[in-house]
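Good morning, and thank you for coming. I would ask you to look at the sequence and the structure together while I speak.

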Amino acid sequence: MRYFPIFLDLDDRHVLIVGGGEKALQKLRLLTKTTARLTVVAEEVEDGLADLQVQRPFTILRRDFNESDLDAAALVFAASDDPELDRRVAAAARAKGIPVNVVDGPADSNFIMPAIVDRDPVVVAIGTEGTAPILAREIKAKLESWLPAHFGRVAQSAGAIRQKIGEAITDPVLRRRTWETLLQGLWRQFVLNGDPSGADRELTRQLDAARNEATPVGSVALIGCGPGEPDLITLKAQQHLQSADVLVVDRLVNPAIMEYARRDAIRIYVGKEREGDAALQDEINRTLVREALKGHRVARLKGGDAFVFGRAAEEMSAVRAAGIPVTVVPGITAAHACAASVGLPVTLRTKVRQFTVITGASAEGPVEVDWSSLVAPGQAFAIYMGVRTAEHFRERLLAAGAQPDTPIVIVENGTLSNERVVSTRLSLLARAIADKGIVGPAIIFVGLDWASAGLTPPERVELYEPAAQGAAPQSMISQTHSTA
Ligand code: SAH
């Protein structure tokens, strides 16, 4: 972020605008909304600009720019139609340390103007650091249609009752809840409809309700945050993130997802380095209970889906045992997200009738399962946490009668910018992982490939197929699929 967004208090400050044409007029339309003291300096001034003075007085000096014009200025706009003059104004302002904006001259400016959605006192400023103003316009258009015209009235009325609420409700958690009830419910409707007495009645009702309530009971939501790509979380997860007071965050959750959360929410990171670290799990359970008992809304953020290899049961029962309500928000699990990302269906009519998810590691080490059922015809499965135990899987599956050429697709860092896809066959599984340097997180698909689905693999899939099976490692080659 090169340009830092701030809101500048211009009340009673001097702002100088050099120029009297269309460019100056555009800036003035915005500046006349402020309570700043505005001075326009220009030898010639357009009629439209002078007309603005009728609604909102400001000073016009009909003469050439003079360096002393800068003396009291807090902000300067160089908006003449003379590039030479604009440069002169900019240089003089810079020399005096006054922020200056040259209209259409970002190189000479030391601040730039954002696109603005104005619902005074609610103002949304949008910037692209000058890279793509059209994107800013797109966001502006969306916000304009989304924010009610009288939205500012809601903020103004909230400002007017802020002190009253602060005095009536001292518990901070309860106070925030009451604000939410007011700003999202009936009170807001009354304000937007221009019905102050309705709003007052509703305010009294909510204050009475708050007086009769002790600190509210907190809650815990187990939230599946998907595989990493921020757009792959659900709307419901996003809503929970926006309202949560405390976030308890897993290692696999992409930090970009935190952008959806309140900036003042407490963040507790509980990165689990080793699956099945019981002490750590107890500590997480205790944290959830402790924070919820304070009355907080706790969002427990997990990678993928909370119910798939997510230790959700332990956390739910610990929280319920403390009498705290728990909700679960499903997420897109890694296997489904990885499959979609590489265009690989996980079931196939007539060919793959059963699709299983299986963990490659457990607290006790590599897993033992009913291997013969996994290698039966019509089966496919996704191994989670299997990178380190791949050799164990290869051995057990082959011993149970799996075909050595059973297709394998490995997706590492699925849906993230560093996603990699390797395709090989079962007999080469562990070697492919070692040679391709796959460290995870990764999903290993067994029994699925594009060819049997009648599809071609995406171009970026790395095919791992050493020239001759069992050849010495130094003669191994790997190549990338070409588009056929
Ligand atoms: N609850 C999660 C799984 C947690 S177990 C879910 O539903 O997805 C952790 C394992 O998930 C990792 O070892 C890896 O196998 C898999 N995984 C998580 N994110 C992944 C990603 N972006 N790409 C590939 N595999 C991922």
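I shall go through the domains, then the sheets, then some details of the backbone, and finally the ligand.

First, a word on the basis of this talk. What we see is a predicted model, in which local features need pLDDT of at least 70 and side-chain atom pairs count only at pLDDT 80 or more, while totals for chains, interfaces and linings use all residues. Residues are numbered from 1 along each chain as its sequence is written, and side-chain values use heavy atoms, with hydrogens and water left out.

Let us begin with the domains. The protein chain is divided into domain 1 (14-113), domain 2 (151-329) and domain 3 (336-480); such bounds come from an automatic or database domain assignment. Between the C-alpha centres of domain 1 and domain 3 there are 65 Å.

I turn now to the sheets. Helices (H or I, at least four residues) and strands (E, at least two) are DSSP runs, numbered from the N terminus. Two strands pair if DSSP finds at least two bridges between them. As general background, strands of a sheet pair through backbone hydrogen bonds, either parallel or antiparallel.

One open sheet consists of five strands in the order S3-S2-S1-S4-S5, and the pairing is parallel. Which strands stand at its edges? They are strand S3 (59-61) and strand S5 (100-102); each has a single partner strand, so one side of each is left without a neighbour in the sheet. From one strand to the next, the twist averages 15°. For such angles, axes are lines fitted to C-alpha atoms, for helices over the stretch in contact, and the angles run from 0 to 180 degrees between N-to-C directions. Strand S2 (residues 37-41) is joined to S3 by three bridges, and the two run parallel. Within S3, Thr59 is the bridge partner of Thr39.

Another open sheet of five strands follows the order S10-S9-S11-S8-S12, with parallel pairing. Its edge strands, strand S10 (266-269) and strand S12 (326-329), each pair on one side only. Neighbouring strands in this sheet are turned against each other by 20° on average, direction ignored. Strand S9 (residues 246-249) and strand S11 (residues 297-302) run parallel and are joined by four bridges. Here Leu247 has Ala299 of S11 as its bridge partner.

An antiparallel pair offers a contrast in direction: five bridges join strand S6 (residues 115-119) to strand S7 (residues 122-126). Ala115 stands opposite Ile126 in S7. How many residues lie between the two strands of this hairpin, S6 and S7? There are two residues between them.

That loop between S6 and S7 is the place of Pro121. A cis peptide bond, with omega about 5°, joins Asp120 and Pro121. The peptide bond from Gly440 to Pro441 is also cis, with omega near 0°, and Pro441 is found in the loop between helix H15 (429-435) and S19. Glu129, in the loop between S7 and helix H4 (133-146), has a positive phi of about 55° although it is not a glycine.

Finally, the ligand. Its surroundings comprise 18 residues, of which Asp305, Val308, Thr333, Gly414 and Ala442 come nearest; a residue is near a molecule if one of its heavy atoms lies within 4 Å of it. These shell residues divide into twelve nonpolar, five polar and one charged. In this division, Ala, Val, Leu, Ile, Met, Phe, Trp, Tyr, Cys and Pro count as nonpolar, Asp, Glu, Lys and Arg as charged, and the others, Gly among them, as polar.

Where does the ligand lie with respect to the domains? Domain 2 (151-329) and domain 3 (336-480) both give residues to the shell, so the ligand lies between them.

Consider next its nitrogen and oxygen atoms. A nitrogen atom of the ligand is 2.7 Å from a polar backbone atom of Val308, and a nitrogen atom is 3.0 Å from a polar backbone atom of Pro227. An oxygen atom of the ligand is 2.9 Å from a polar backbone atom of Met385. The elements that give two or more residues to the shell are helix H12 (334-341) and strand S19 (442-446).

Technical notes: Polar contact = N/O pair within 3.5 Å; in protein donor to acceptor, adjacent residues only side chain to side chain.
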